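Please open the model in your viewer and keep the sequence beside it, since this tour moves from one selection to the next. At each stop, select what is named and then read what is there.

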Amino acid sequence: MNSNTDADQDFMAAAIELARAAGAAGEVPVGAVVVLDGEIVGRGYNQPIGRADPTAHAEVMALRDAAARIGNYRLPGASLYVTLEPCIMCAGAIMHARVARVVFGARDPKTGAAGSVVDLFAEDRLNHHADIQGGVRAEECGALLSSFFAARRAKTAVV
């Protein structure tokens, strides 16, 4: 099920809105939603600064929200949409939650764990493998990140 569908576009749009909320809060603009049976059951955006929590990445926040809503830490059959390729920590959480599919926007050449730096989802020695679809609305997702970091650099250069 690795096709870029209208539903993928729509759910990624919801993740992008959450990424904008993260950016507005001064966090790196990454957003995520968990979808089960065609409905969003979990939402999250980056909050490690505001929560003083290094694990408060968008994916983890969305997984926590979904698990609390459905009353189970396992999310079989769920899809996770995230604006940036998951890191190693998030890939591990996704695997432990038994998410069936991960759809991401922009690749992360520095910490991406779905093929950019490593591909944990293709590691045969691990016991769970999600289907991966990258590049959905990649330019839009990447532009959010580029704008955020350009503004941050400009602010630092002025100081």
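Begin by selecting E17, R20, R137 and E140 together, for these residues are linked in a network of salt bridges. Keep in mind throughout that this is a predicted model. Side chains of opposite charge can pair when their charged atoms come close.

Within that network, zoom in on E140 and R137, whose side chains meet in a salt bridge with a distance of 2.9 Å from N to O. E140 is partly exposed, with a relative accessible area of 28%, and R137 is likewise counted as partly exposed, at 26% relative accessibility.

Stay on R137 and turn to its backbone, which sits in the loop between strand 5 and helix 5 (138–158). What is the sign of phi at R137? The angle is near 55°, a positive value in a residue other than glycine. Most residues other than glycine have a negative phi.

Now select D37, where a positive phi of about 55° appears again in a residue that is not a glycine. D37 is found in the loop between strand 1 (31–36) and strand 2 (39–45), and, with a relative accessibility of 73%, D37 counts as exposed.

**Further salt bridges**

How many salt bridges does the structure hold? There are eight, and two more of them are worth a visit here.

Select R107 and E85, which form a salt bridge in which the closest N and O atoms are 3.8 Å apart. R107 lies in the loop between strand 4 (101–106) and strand 5 (131–133), while E85 lies in the loop between strand 3 (79–84) and helix 4 (88–96), so this pair ties together parts that are 22 residues apart in sequence. Is each partner buried or exposed, or somewhere in between? R107 is partly exposed, with a relative accessible area of 49%, whereas E85 is buried, with a relative accessible area of 2%.

Next select E123 and R125, another salt bridge, whose closest N and O atoms are 2.6 Å apart. E123 counts as partly exposed at 24% relative accessibility, whereas R125 is exposed, having a relative accessible area of 72%.

**Into strand 3**

Select V82, which you will find in strand 3. V82 is buried, with a relative accessible area of 0%. Which residues is V82 in contact with, once its neighbours within four places in sequence are left aside? They are M12, V30, G31, A32, E59, V103, F104 and G105. If you also select A106, you can check a separation along the chain against one in space, as V82 and A106 are 24 residues apart in sequence and 8.9 Å apart from C-alpha to C-alpha.

Move on to T83, which also lies in strand 3 and counts as buried, at 1% relative accessibility. When residues up to four places away in sequence are not counted, T83 touches M12, A15, I16, A19, P29, V30, G31, G105, A106 and C141.

**Stepping back to the chain**

Now clear the selection and show the protein chain as a cartoon, in which its secondary structure comes to five helices and five strands. If you follow the chain along its sequence, these elements appear in the pattern α-β-β-α-α-β-α-β-β-α. The radius of gyration is 15 Å, close to the 15 Å that the globule rule gives for 159 residues, so the protein chain is as compact as a globular protein of that length. Turn the view along the principal axes, and the C-alpha atoms fill a box of roughly 50 × 30 × 30 Å.

Of the 159 residues in the protein chain, 43% count as buried. Among the contacts between residues at least 6 apart in sequence, 56% join residues at least 24 apart.

For a last view, show the surface, where the protein chain exposes about 8,000 Å², with carbon and sulfur atoms supplying 55% of this area. Then colour the charged side chains, of which 15 are positive and 18 are negative, and note that the centres of the two sets lie 7 Å apart.

Conventions. Residues numbered from 1 in each chain as written. Predicted model: local features only at pLDDT ≥ 70, side-chain atom pairs only at ≥ 80, totals over all residues. Heavy atoms only, no water. Salt bridge = Lys/Arg side-chain N within 4 Å of Asp/Glu carboxyl O. Helix = DSSP H or I, 4+ residues; strand = E, 2+ residues; numbered from the N terminus. Buried < 20%, exposed > 50% of the residue type's maximum accessible area, 1.4 Å probe, protein only. Rg over C-alpha atoms; globule rule 2.2 N^0.38 Å. Contact = heavy atoms within 4.5 Å. Areas by Shrake-Rupley, 256 points an atom, 1.4 Å probe, with all protein chains shown as cover. Lys, Arg positive; Asp, Glu negative; His and termini not counted. Charge placed at Lys NZ, Arg CZ, Asp CG, Glu CD.
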